[in-house]
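Below is a short note on the model you sent round. The points are grouped by element, so they can be checked one at a time against the coordinates.

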Amino acid sequence: MSTTSRTTLVILDCYTVEPSGLGVPPYLSTYARAAYGALRTAHPEARITYLTIDDVRWCLNGGKPFEQPPLSDRLTYSATTNRANALQLLGDAALTVVIAGDAVPSVHLQAQNGSVEEIARMLACVRGRRVLLGPLANYALADPATYGGMFDAVHTHTLTSTALVEDTRQAAPYGRLAADRSDFRDLVDQLGWTPVAEIELYRGCTRRRFCDFCNEPVKAPVVDFRTVEDVLAEVALLHAAGVRHFRLGQQTCFFSYLSRDVTAIEKLLAGIREQAAPDLMTLHIDNADPLAVASPAGAKIAHLVASYCTEGNCAPMGIESFDPAVIKRNVLTCTPDILCRAVEHVNQAGAQLGPGGLSMLLPGLNLIYGLPGETHRTHYENLAGLVRILDAGLLCHRINVRQARAYPGTPLAAIQEQEPLPSAEHFPSWKADIDHVFDQPMKQRVYPLGRKITSLYSFFVTGRGTWHRRLGSYPIQVVERGTARPLYGVTDMTITDHAPRYVYGERDAAPVGA
């Protein structure tokens, strides 16, 4: 592919969601950055354009949103600086890298991941080579009849300059990715939002036995840690490009980095704060194995996270199910007793409030319905386990309740071929029970009436009003009823009411003379 005539190359981000990482705006995924580095290294003189599926939706809808302003439209919300020319860029591109795939079900207020049908429609605009990167590649490999002819090459995990148009089904070594890594300024400048950079620390799962539903062993059957120096080098490049918000989230458990090496984890966190990104605004984590958090080393690491990271941080932990029958059937390794000890460790380290009105570090909880072995008793056990946490007076940042999805290559996918997964007919009512019994009472405890939260920015408008939040891991969303505020304005809010998954607030009066 010649670059003498300023070849156009396109990254079309249709977003990714995995248990070990988010690739939905405002997050800037590891996939997008790897694709950019691979293309820049292979074709240094080329024009590399970053587009989102929202850009293309906008153009295909005649250059307008699907919602009537002032309401925000989640189908076209995450625009780049290239939106007006998205279709022409796709048509001119010699190569288009499509990033896509949900390994777990997900719903986002301000974004909607690209469906296979949408992606097929957009590829009709592409005349050059078409390359797929991300979790969707595993679905494409498992069902070639459905995806036949859509892509010239598929990459399940990573993309490198040495393998652009040949299929790859294994993740590239971290040294190979580092060799492709370059200045991110051009990529970041094309974004239409303030990004949170998702940072990967390692691949694979450190547990001796894997959960049946998890896709991480499919991605990397053997644990492969990045060095602290490699992580700091990437953070420094992103910081130099203007990124000020970081999340150490693209791995199964932050606490298990380098096999729970407390000294190395402190070196990492201190290095980010003092060396790689000294004026960062957000440093958060994601994913925490309760077995690791409940250990003596886990208690020490929790204190390090609370000390070095910024407030509003969340350590989401997967109990998945409190039902002993489901735990045994699906090779789950966390028991309710272990989870409670892990929640206590995080509360002891991080429950104190930061200067902006948010706790420094709180646990999150993950529950999955639809796993083999589930019965009506499962829901009772889940409610009883959650009430135990409430009765203990503990604090939790959020709870994520979702249905199981059989990802290609997992034991759950093999089980589903022999027997159907439990019926989903009760899921809406069971989720509503958890909202009423646990989530809303916990919101009232963590965000009491009259609590002031500072430096929230308005990011979305619906019929309920204007939604405000910070950037970071699962930020609490504060709804200002009956308003349509200009987006991206910063304000302080006082909590006035509660709902499951969000709270209501009122804008503080501006200071006299402001």
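**Notes on the predicted model**

1. H2 and H4 cross with left-handed sense. The model is a predicted one. The two helices in this crossing are H2, residues 53–60, and H4, residues 116–123. Their axes come within 11 Å and cross at roughly 70°. With angles of 65 to 115 degrees counted as roughly perpendicular, H2 is therefore roughly perpendicular to H4.

2. Which residues make the contact of H2 with H4? From H2 they are Ile-53, Val-56, Arg-57 and Leu-60, and H4 supplies Glu-118, Arg-121 and Met-122. By class, this contact has four nonpolar residues, three charged ones and no polar ones.

3. Arg-57, one of the H2 residues in that contact, also forms a salt bridge with Asp-54. The closest N and O atoms of this pair are 3.5 Å apart, against a cut-off of 4 Å. Asp-54 and Arg-57 are three residues apart in helix H2, so about one helical turn separates them. Side chains of opposite charge can pair when their charged atoms come close. For the model, the count of salt bridges comes to 26.

4. A second helix pair to look at is H11 (residues 262–276) with H13 (residues 296–308). Their axes are 10 Å apart and the packing angle is about 5°. Angles under 35 degrees count as roughly parallel, so H11 is roughly parallel to H13.

5. On the H11 side of this contact are Val-262, Ile-265, Glu-266, Leu-269, Ala-270, Arg-273 and Glu-274. They meet Ala-297, Lys-300, Ile-301, Leu-304, Val-305 and Tyr-308 of H13. The contact of H11 with H13 divides into nine nonpolar and four charged residues, with no polar ones.

6. Turning to the sheets, E13, E14 and E15 form an open sheet in that order, with parallel pairing. Why do E13 and E15 each have one side without a neighbour in the sheet? Strand E13 (313–320) and strand E15 (398–403) stand at the edges and each has a single partner strand, so one side of each is left free of a neighbour in the sheet. On average, neighbouring strands here are turned by 25° against each other, direction ignored.

7. Within this sheet, strand E14 covers residues 361–369 and is joined to E15 by six bridges in the parallel sense. One pairing to check is Gly-364, whose bridge partner in E15 is Arg-398. Two helices pack on the sheet. Helix H15 (residues 336–350) touches E13 and E14, and its direction makes about 155° with that of E14. Helix H16 (residues 376–391) touches E14 and E15, and its direction makes about 170° with that of E14.

8. Another open sheet has four strands in the order E3-E8-E11-E12, again with parallel pairing. Its edge strands are E3 (27–28) and E12 (282–285), each of which pairs on one side only. Strand E8 (residues 196–199) pairs with strand E11 (residues 245–248) over three bridges, in the parallel sense. Ile-199 has Leu-248 as its bridge partner in E11.

9. Strand E20 (residues 502–507) takes part in parallel and antiparallel pairings. Two bridges join it in the parallel sense to strand E18 (residues 478–481), where Val-478 stands opposite Val-503 of E20. Six bridges join E20 to strand E19 (residues 490–499) in the antiparallel sense, and Asp-497 stands opposite Tyr-504 of E20. E19 and E20 form a hairpin with two residues between them. In the turn, Arg-501 has a positive phi of about 80°.

10. Some backbone details deserve a look. The peptide bond joining Pro-25 and Pro-26 is cis, with omega about 15°, and Pro-26 lies in the loop between strand E2 (21–22) and E3. A cis bond also runs from Pro-69 to Pro-70, with omega near 15°; Pro-70 is in the loop between H2 and helix H3 (86–92). Val-331, a residue other than glycine, has a positive phi near 55°. Val-331 sits in the loop between helix H14 (324–329) and H15.

Notes. Residues are numbered from 1 along each chain as its sequence is written. Side-chain values use heavy atoms; hydrogens and water are left out. Two strands pair if DSSP finds at least two bridges between them. Axes are lines fitted to C-alpha atoms, for helices over the stretch in contact, and angles run from 0 to 180 degrees between N-to-C directions. Contact means heavy atoms within 4.5 Å. Angles under 35 degrees count as roughly parallel, over 145 as roughly antiparallel, 65 to 115 as roughly perpendicular and the rest as oblique. A crossing is left-handed if the near helix is turned anticlockwise from the far one by less than a right angle, and right-handed if clockwise. Ala, Val, Leu, Ile, Met, Phe, Trp, Tyr, Cys and Pro count as nonpolar, Asp, Glu, Lys and Arg as charged, and the others, Gly among them, as polar. A salt bridge is a side-chain nitrogen of Lys or Arg within 4 Å of a carboxyl oxygen of Asp or Glu.
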